[in-house]
Structure formats: C-alpha cells, structure tokens
Amino acid sequence: MIGYIGFVLVVAVVMSTLKISLTNLTWVVSALSVGIGFGLQAIVQNFISGLILLTERPVKVGDWVSLAGVEGDIRRINVRATEIQMGDRSTVIVPNSQFITQNVRNVTMGNALGVVGITLTLPLETDVLQIRELLLQAFTEHEAILDTPAPSVTFKDLTNTGLIISASGYVNSPRSVGGARSDLLFTVLGRLRELGVALSAPQSMVLINEGSGKETPEENP
C-alpha cells in the first residue's frame with residue numbers, strides 16, 4: 001500500500017515539475033484510448049467472427065470454399081483467421097470476418113454433386129444424331145457418372161463455325177469432376193477419330209494489305 005502511495009506521489013511531483021496539468025493528461029489518455037480502440041477493432045471483429053464460425057459452423061474443416069478470389073480446401077479454423085489450401089498446395093490466411101461479411105460459396109456443403117460438361121464444335125455436315133448417341137454412350141459407360149440424374153446431350157447452337165453440342169453428367173462429388181472430364185475427353189475424341197469426324201477448324205477470313213491491294217488469308221486463333 002505504501003508503495004502505491006509513493007508511486008502516486010512521484011508521478012504528481014513529476015507532473016508538477018514538468019507543468020503538466022491533469023486536464024492535459026486526461027486528453028492524452030483519451031486520445032490514446034481512441035487510437036488503441038481503432039487498432040483493436042479489426043482484431044475484435046475477427047475474434048467474434050471466429051467464434052461464430054466455430055459455433056454455427058457455416059463452413060468446416062475439409063470444405064471446399066470460394067470467396068473473394070480465393071478457392072480451396074479449409075485446413076484449419078483458428079479464432080482470428082482461417083487457413084485455406086489452394087490447388088497448388090499453397091496456403092492462404094483469410095481473416096474470419098470475411099466469412100461473415102462476404103458471400104461465400106461452399107462447393108461441398110450438403111453432399112453436393114459435381115457436374116461434368118463437354119462442349120464440342122463440329123462441322124456443319126456432321127450427323128448430329130450419331131454424335132448424340134456417341135456422347136450418351138461415353139457418359140453412360142464411365143463408372144463415375146451417375147445414372148440419376150441421367151446424362152444429357154444438348155444442341156446448343158448453330159453458327160457459321162459449326163454445330164455446338166454439349167453433353168453433361170453428374171458425379172458423386174465436385175472433387176471428381178476434373179478426373180471424369182479428362183477420361184471422357186480422351187474417350188470421345190478417340191471415338192470421333194474412329195468415325196472420321198473432325199472438330200470444326202478455325203474459320204478463315206481474308207485481309208487486304210493496304211497499298212498492295214493483295215488478299216492475304218489469315219486464320220482466327
């Protein structure tokens with residue numbers, strides 16, 4: 001007790017010597033309090049957001065999420081921030097407040113299915129019914145493609161570059177989409193080659209060289 005009283009007396013003597021009034025000291029303390037409050041605001045916001053994530057669990061460890069240009073698997077949810085592992089195995093630290101204040105896409109929430117899609121541009125003279133059967137057979141035979149919902153083939157458009165045909169099917173998980181799509185592309189392109197059906201080539205156009213008047217063919221990329 002005597003030590004505290006002595007400390008207060010020393011502070012009072014120093015303030016008197018330096019001619020620091022109690023009013024000025026109050027203003028300094030108030031300014032410091034405001035500055036510290038603003039500095040801690042983000043930390044407190046992330047802390048509270050972390051508690052919300054841990055209790056309400058809108059996302060959990062192992063979920064595949066996408067927000068603010070970041071997409072990957074949640075590896076750890078801490079009180080202040082969440083660790084997301086990207087496709088290249090790098091880790092992004094995301095403040096928890098972003099999961100509360102921004103739109104978050106949870107790709108795997110609720111046992112979501114994955115959609116495998118293939119779009120082909122074929123020459124105008126192609127037999128579309130034959131291509132439809134080829135695509136349906138390839139999707140049906142693939143072990144990862146579900147029977148329900150059933151695969152489908154859609155005639156999307158008819159353009160001057162060719163026929164645009166799209167096929168799609170469902171897999172058990174969005175994580176299986178990449179592998180299944182790769183397998184189907186190998187299968188479909190191989191069968192198209194066997195039938196002698198080529199994909200539509202880039203359309204040619206004619207450019208006129210200024211000054212020479214000569215026509216120069218050029219292909220669109």
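Q: Quick one before we start: when do two strands pair?
A: Two strands pair if DSSP finds at least two bridges between them. Strands (E, at least two residues) and helices (H or I, at least four) are DSSP runs, numbered from the N terminus.

Q: Thanks! And what sort of model is this?
A: This is a predicted model, where local features need pLDDT of at least 70, side-chain atom pairs count only at pLDDT 80 or more, and totals for chains, interfaces and linings use all residues. Residues are numbered from 1 along each chain as its sequence is written, and side-chain values use heavy atoms, with hydrogens and water left out.

Q: How many helices and strands does the chain have?
A: There are five helices and 10 strands in the chain.

Q: Let's take the sheet of three strands. What order do they come in?
A: The order is 6-8-7 in an open sheet, and the pairing is antiparallel. Strand 6 (114-122) and strand 7 (152-159) are at the edges with a single partner strand each, so one side of each has no neighbour in the sheet. On average, neighbouring strands here are turned by 20° against each other, direction ignored. (Axes are lines fitted to C-alpha atoms, for helices over the stretch in contact, and angles run from 0 to 180 degrees between N-to-C directions.)

Q: How many bridges pair strand 6 with strand 8?
A: Nine, in the antiparallel sense, with strand 8 covering residues 162-171. If you want a spot to look at, Thr121 stands opposite Ile164 in strand 8.

Q: And strand 7 with strand 8, how many bridges there?
A: Seven bridges, again antiparallel. These two strands form a hairpin with two residues between them, and Phe155 has Ile165 in strand 8 as its bridge partner.

Q: Which strands does helix 4 touch?
A: Helix 4 (residues 128-141) packs on the sheet and touches strand 6, strand 7 and strand 8, with its direction at about 20° to that of strand 8. Contact means heavy atoms within 4.5 Å. Helix 5 (residues 177-195) lies across strand 6 and strand 8, at about 30° to strand 6.

Q: Which residues of helix 4 are buried?
A: Ile131, Leu134, Leu135, Leu136, Ala138 and Phe139 are the buried ones. (Buried means under 20% relative accessible area, exposed over 50%, partly exposed in between, with a 1.4 Å probe and protein chains only.) Their cover includes strand 6, strand 7, strand 8 and helix 5.

Q: What about the largest nonpolar core, how many residues has it?
A: It has 21 residues, and Val116 and Leu135 have the most contacts inside it. A nonpolar core is a set of buried Ala, Val, Leu, Ile, Met, Phe, Trp, Tyr and Cys residues joined through side-chain atoms within 4.5 Å. Strand 6, helix 4, strand 8 and helix 5 each supply at least two residues of this core, and helix 4 gives the most, with six. Apart from it lies another core, of 10 residues, among them Val65, Val70, Ile84 and Val94.

Q: Back to Val116. What does it touch?
A: Leaving out residues up to four places away in sequence, the partners of Val116 include Phe139, Ile145, Ala167, Val171, Val177 and Leu184.

Q: Changing topic: is Leu53 buried or exposed?
A: Leu53 is buried, with a relative accessible area of 1%. Leu53 lies in helix 2 (residues 22-56). Beyond four places in sequence, Leu53 touches Pro58, Val59, Ile77, Thr82, Asn96, Phe99 and Ile100.

Q: What is the bridge partner of Ile77 in strand 3?
A: Thr82 is the partner of Ile77 there. Strand 2 (residues 70-77) and strand 3 (residues 81-85) pair in the antiparallel sense over four bridges. They belong to an open sheet of five strands, in the order 4-3-2-1-5. The edge strands are strand 4 (91-95) and strand 5 (105-106), each pairing on one side only.

Q: Any odd backbone spots? Which peptide bond is cis?
A: The one from Thr148 to Pro149, with omega near -5°. Pro149 sits in the loop between helix 4 and strand 7. Most peptide bonds are trans, and most residues other than glycine have a negative phi.

Q: And where is Ala68, with its positive phi?
A: Ala68 is in the loop between strand 1 (64-67) and strand 2, and its phi is near 50°. Ala68 is exposed, at 56% relative accessible area. Arg89 also has a positive phi, of about 75°, and is found in the loop between strand 3 and strand 4. Arg89 counts as exposed at 62% relative accessibility.
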